[in-house]
Amino acid sequence: MTEHYDALETRDPEAREAALFAALPAQIAYAQARAPAFARILHGIDAAAVRSRAALARLPVTRKHELLEQQQAARAQGGDAMGGFGAFGYGPGMPRIFASPGTLYEPDAQRGDHWRMARAFFAAGFRSGDLLHNSFSYHFVPAGAMMESGAQALGCTVFPGGTGQTEQQVQALAELRASGYVGTPSFLRILLEKAAERGTALPQLRRALVSGEAFPPSLRDWVRARGVEAYQCYATADLGLIAYETAAREGLVLDEGVIVEIVTPGTGDPVAEGEVGELVVTSFNPAYPLVRFGTGDLSAVLPGRCPTGRSNTRIRGWMGRADQTTKVRGMFVHPAQVAEIGRRFPDLGRLRLVVSGAMADDRLLLLAECAAPDTGLAQHLGQAIREVTKLRGEVELRPPGSLPNDGKLIEDARSYQ
């Protein structure tokens with residue numbers, strides 16, 4: 001419980017915050033100077049002034065579709081053969097390029113543990129000399145390479161199992177006697193079930209680091225009952241490691257190399273501590289200088305410190321997707337529009353726009369928490385719905401704390417039968 005990957009994990013939180021924000025202006029200036037696409041996104045920003053969370057929160061949130069549009073535009077204008085990489089500041093010498101959905105092409109700088117995954121492996125119990133079976137994909141996407149580089153940085157040996165070929169993977173696990181697994185939790189279960197079906201014993205397999213999917217306690221306990229202690233981490237192809245689980249099993253601890261904000265879905269506005277919102281992440285990767293990158297994933301900050309002695313902020317883990325955009329009567333309704341209604345009425349608590357009714361008979365109901373509603377508030381809120389969404393809706397005022405803290409601003413409760 002008290003072993004740590006390095007001294008950064010136990011430093012004073014104020015020292016960590018100071019170090020991150022002392023480094024941030026140079027990262028923003030680098031993105032503006034070296035990458036035309038990021039320079040356009042960050043146009044007009046005084047990099048030297050971004051030295052606090054309040055200043056960072058005033059910067060725009062960048063989303064994957066915006067990066068894809070920038071890359072496609074660069075290609076259309078005769079960009080480089082790598083798919084508009086010049087727009088992001090990458091040139092010849094990039095060792096590998098990967099694809100993520102869209103298709104957005106992203107870099108691998110291949111400088112040791114490029115995605116900073118070694119910290120998550122260490123927290124999961126992996127050590128130098130372990131043989132690790134990697135069942136993440138090695139083609140098109142970077143998942144396999146992400147995990148391999150982190151494990152190797154820790155001194156582990158990696159078998160590149162990749163995806164599919166279940167029987168051959170079980171055979172390799174048994175014959176190589178790998179002590180650890182890395183991959184999705186669902187495929188770990190498939191491998192353990194296949195091993196049991198074949199009568200193949202895997203007594204050496206004792207540890208796992210899983211990612212890419214939700215890892216509910218029921219599956220964790222199922223895996224543990226078969227002799228494997230599995231931990232989860234939260235990482236993306238764009239950002240690398242964001243947070244990781246520890247032996248305390250109390251949320252996920254943030255990585256030391258990122259700044260994480262939790263904002264109201266569809267906006268860049270930070271939420272109060274403990275409220276569910278979208279994870280927005282700033283990384284310090286010079287090969288891919290993402291500033292306020294919207295992951296589209298929901299989470300919330302947990303209070304207090306990790307019992308393992310790690311002093312960084314903890315989050316609750318993956319809690320669903322933040323993009324709740326839906327179409328109502330032929331019009332798209334976005335979470336940012338619900339947030340805009342809330343900004344017009346700052347005394348309100350949580351809001352939720354419920355879309356109900358059968359097909360072609362959509363109905364809007366805005367649920368709004370309010371401590372002391374006046375007689376005209378519902379009417380004013382109804383007018384705001386009309387002004388912001390161009391749609392008519394009803395309003396129902398609720399007492400404070402009555403709406404769930406799940407990050408949902410739009411709930412689609414329609415029947416599609």
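Which residue in strand 12 is the bridge partner of Glu 278? To find out, begin with a few notes on the model and then select the strands one after another.

This is a predicted model, in which local features need pLDDT of at least 70 and side-chain atom pairs count only at pLDDT 80 or more, while totals for chains, interfaces and linings use all residues. Residues are numbered from 1 along each chain as its sequence is written, and side-chain values use heavy atoms, with hydrogens and water left out.

**First stop: the sheet of strands 10, 11 and 12**

Select strand 10 (258-263) and strand 12 (293-299), which are the edge strands, each pairing on one side only, and then add strand 11 (residues 277-283). Together they make an open sheet of 3 strands in the order 10-11-12, with antiparallel pairing; here strands are DSSP runs of E with at least two residues, helices are runs of H or I with at least four residues, and both are numbered from the N terminus. Two strands count as paired if DSSP finds at least two bridges between them, and strand 11 is joined to strand 12 by 4 bridges. The partner asked about above is Leu 298, which bridges to Glu 278. From one strand to the next, the twist averages 30°.

Now show helix 1 (residues 13-34), which lies across strand 10 and strand 11 and runs at about 95° to strand 10; angles run from 0 to 180 degrees between N-to-C directions, and axes are lines fitted to C-alpha atoms, for helices over the stretch in contact.

Staying in strand 11, pick Gly 277, which counts as buried because its relative accessibility is 0% (buried means under 20% relative accessible area, exposed over 50%, and partly exposed in between, with a 1.4 Å probe and protein chains only). Leaving aside residues up to four places away in sequence, Gly 277 touches Ile 262, Val 263, Pro 265, Asp 297, Leu 298 and Ser 299, where contact means heavy atoms within 4.5 Å. A C-alpha to C-alpha distance drawn from Gly 277 to Gly 296 should read 9.4 Å, although the two are 19 residues apart in sequence.

**Second stop: helices 7 and 8**

Next select helix 7 (residues 166-176) together with helix 8, whose axes come within 9 Å and cross at roughly 80°. That makes helix 7 roughly perpendicular to helix 8, since angles of 65 to 115 degrees are given that name, those under 35 being roughly parallel, those over 145 roughly antiparallel and the rest oblique. Among the residues that meet here are Leu 173 of helix 7 and Phe 187 of helix 8.

Within helix 8 (residues 185-198), find Lys 194, which counts as buried because its relative accessibility is 18%. Not counting residues up to four places away in sequence, Lys 194 touches Thr 166, Glu 167 and Val 170.

**Third stop: the sheet of strands 17 to 20**

Finally, display the open sheet of 4 strands, whose order is 19-18-17-20 and whose pairing is mixed. Strand 19 (394-398) and strand 20 (410-412) stand at its edges, each with a single partner strand, so one side of each has no neighbour in the sheet. The twist from one strand to the next averages 20°. Strand 17 (residues 351-356) and strand 18 (residues 363-369) run antiparallel and are joined by 6 bridges, and Leu 353 has Leu 366 in strand 18 as its bridge partner.

Add helix 10 (residues 335-344), which packs on the sheet and touches strand 17, strand 18 and strand 20, its direction making about 130° with that of strand 17. Helix 11 (residues 377-389) also packs on the sheet, touching strand 18 and strand 19, and its direction makes about 135° with that of strand 19.
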